[in-house]
Amino acid sequence: KQGGYCSPDEYKEYQMLLLIQLFDSEIGYKIGSIKVPCPTVADDMLLTASSMSDLQSLLWICEQYANRERYIIHPEKSVITPFFLGKCLNDLVLDNQPWVINDNKVTVSETFTHLGIQRSSKNLTSSIQPCVEARLSTSRLTIHALMGVGLTMSFILPPTVSLKIYNLYVLPRLTYGLLSINLRSIDIKTLEIQHRRFLYSILHLPSQSSVAGLHILTGILPLEAILDIQRLCYLHHLITSKGTLQEIVIRQWAMKDSKSHSWV
């Protein structure tokens, strides 16, 4: 069921035969010698391939499995984003949309969303900016939605309760997905300003108040420190998990030099 605690594991169990078939097909993208044709979380699957024909072969495998199990892959809810094709070939692919599922063309786009994180095929900066803007917008909308219950009004909710709500509900929406991205200093600064603005409004302090005093009074860390803790926890999860994730981290750690922009 939607939102069920066991639903992600049950869905992967239901799709396990498809995942095994995709993995054993020897088609799809590889990081070194590590096969990563279909990264999957719950019902969100990402097919990766290093050529146009390989990607279509992966789509055919998914199509055959869906037809056998009698469920429908909606082509409009799926999107393909080409990387590193060059401008001329990229424009040609965007115009022709050469990939199909059940004789329906699959939309080709320069951006796509996977696990709630928006990615772009253009460059590193254009991939980061939409993610940061989406987090800022989502956090503002969350704050506005909670104003109805008195989040920033001291005569309705005491500041301690408002800070608890902010820490448990708003802050995760502000930082979601950012732990997996190499943020620029300007992005961190923008997020930090938003974070402080929310805390100032909850305590009804002027924006010129001491930043150190703000964090002491609220007991909430600066946003950069929060992201650092999340990254360390994420790295611990990747290192201790057995299988493909651990292999990728170890390979990237061994292969990348000190000037690399790799997340690892």
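Here a colleague asks a modeller how the labels on this structure were reached.

Colleague: What kind of model is this, and how are its residues numbered?

Modeller: This is a predicted model, where local features need pLDDT of at least 70 and side-chain atom pairs count only at pLDDT 80 or more, while totals for chains, interfaces and linings use all residues. Residues are numbered from 1 along each chain as its sequence is written, and side-chain values use heavy atoms, with hydrogens and water left out.

Colleague: How many helices and strands does the chain have?

Modeller: There are 10 helices and 10 strands. Both are DSSP runs numbered from the N terminus: helices are H or I with at least four residues, strands are E with at least two. The C-alpha atoms fill a box of roughly 60 × 45 × 40 Å along the principal axes.

Colleague: What share of the residues count as buried?

Modeller: Of the 264 residues, 33% do. Buried means under 20% relative accessible area, exposed means over 50%, and partly exposed is in between, with a 1.4 Å probe and protein chains only. The chain exposes about 16300 Å², and carbon and sulfur atoms supply 59% of that. Those areas come from the Shrake-Rupley method with a 1.4 Å probe; for residues, only the protein chains shown count as cover.

Colleague: Why is L17 called exposed?

Modeller: Its relative accessibility is 60%, so L17 counts as exposed. L17 lies in helix α2, residues 16–24.

Colleague: What makes the nonpolar surface patch there?

Modeller: M16, L17 and I20 make it, and the patch covers about 280 Å². Patch residues have over 30% relative accessible area and no salt bridge; nonpolar side chains (Val, Leu, Ile, Met, Phe, Trp, Tyr) are joined within 5 Å, like charges within 9 Å.

Colleague: Why is the D9 and K12 pair called a salt bridge?

Modeller: The label asks for a side-chain nitrogen of Lys or Arg within 4 Å of a carboxyl oxygen of Asp or Glu. In D9 and K12 the closest N and O atoms are 4.0 Å apart, and the pair forms a salt bridge. The two residues are three apart in helix α1 (residues 7–14), so about one helical turn separates them. D9 is exposed because its relative accessibility is 52%, while K12 is partly exposed at 28%. The structure holds five salt bridges.

Colleague: What about K35 and E26: which is buried and which is exposed?

Modeller: K35 has a relative accessible area of 18%, so K35 is buried. E26 has 52%, so E26 is exposed. They form a salt bridge with the closest N and O atoms 3.1 Å apart.

Colleague: How do you know that D228 and R231 are separated by about one helical turn?

Modeller: They are three residues apart in helix α9 (residues 223–240), which means about one helical turn between them. Their closest N and O atoms are 3.3 Å apart, and they form a salt bridge. D228 has a relative accessible area of 36%, so D228 is partly exposed.

Colleague: How many positive and negative side chains are there?

Modeller: There are 24 positive and 22 negative ones, and the centres of the two sets lie 7 Å apart. Lys and Arg count as positive, Asp and Glu as negative; His and the chain ends are not counted. The place of a charge is NZ of Lys, CZ of Arg, CG of Asp or CD of Glu.

Colleague: Which residues does I31 touch?

Modeller: Leaving out residues up to four places away in sequence, I31 touches V36, I248, R251 and Q252. Contact here means heavy atoms within 4.5 Å. I31 sits in strand β1 (residues 30–31), and I31 is partly exposed because its relative accessible area is 23%. Across the chain, residues 24 or more positions apart account for 58% of the contacts with a separation of 6 or more.

Colleague: What is the phi of R70, and where is R70 found?

Modeller: Phi of R70 is near 65 degrees, a positive value in a residue other than glycine. R70 is in the loop between α3 (52–69) and β5 (79–80). With a relative accessible area of 79%, R70 is exposed.
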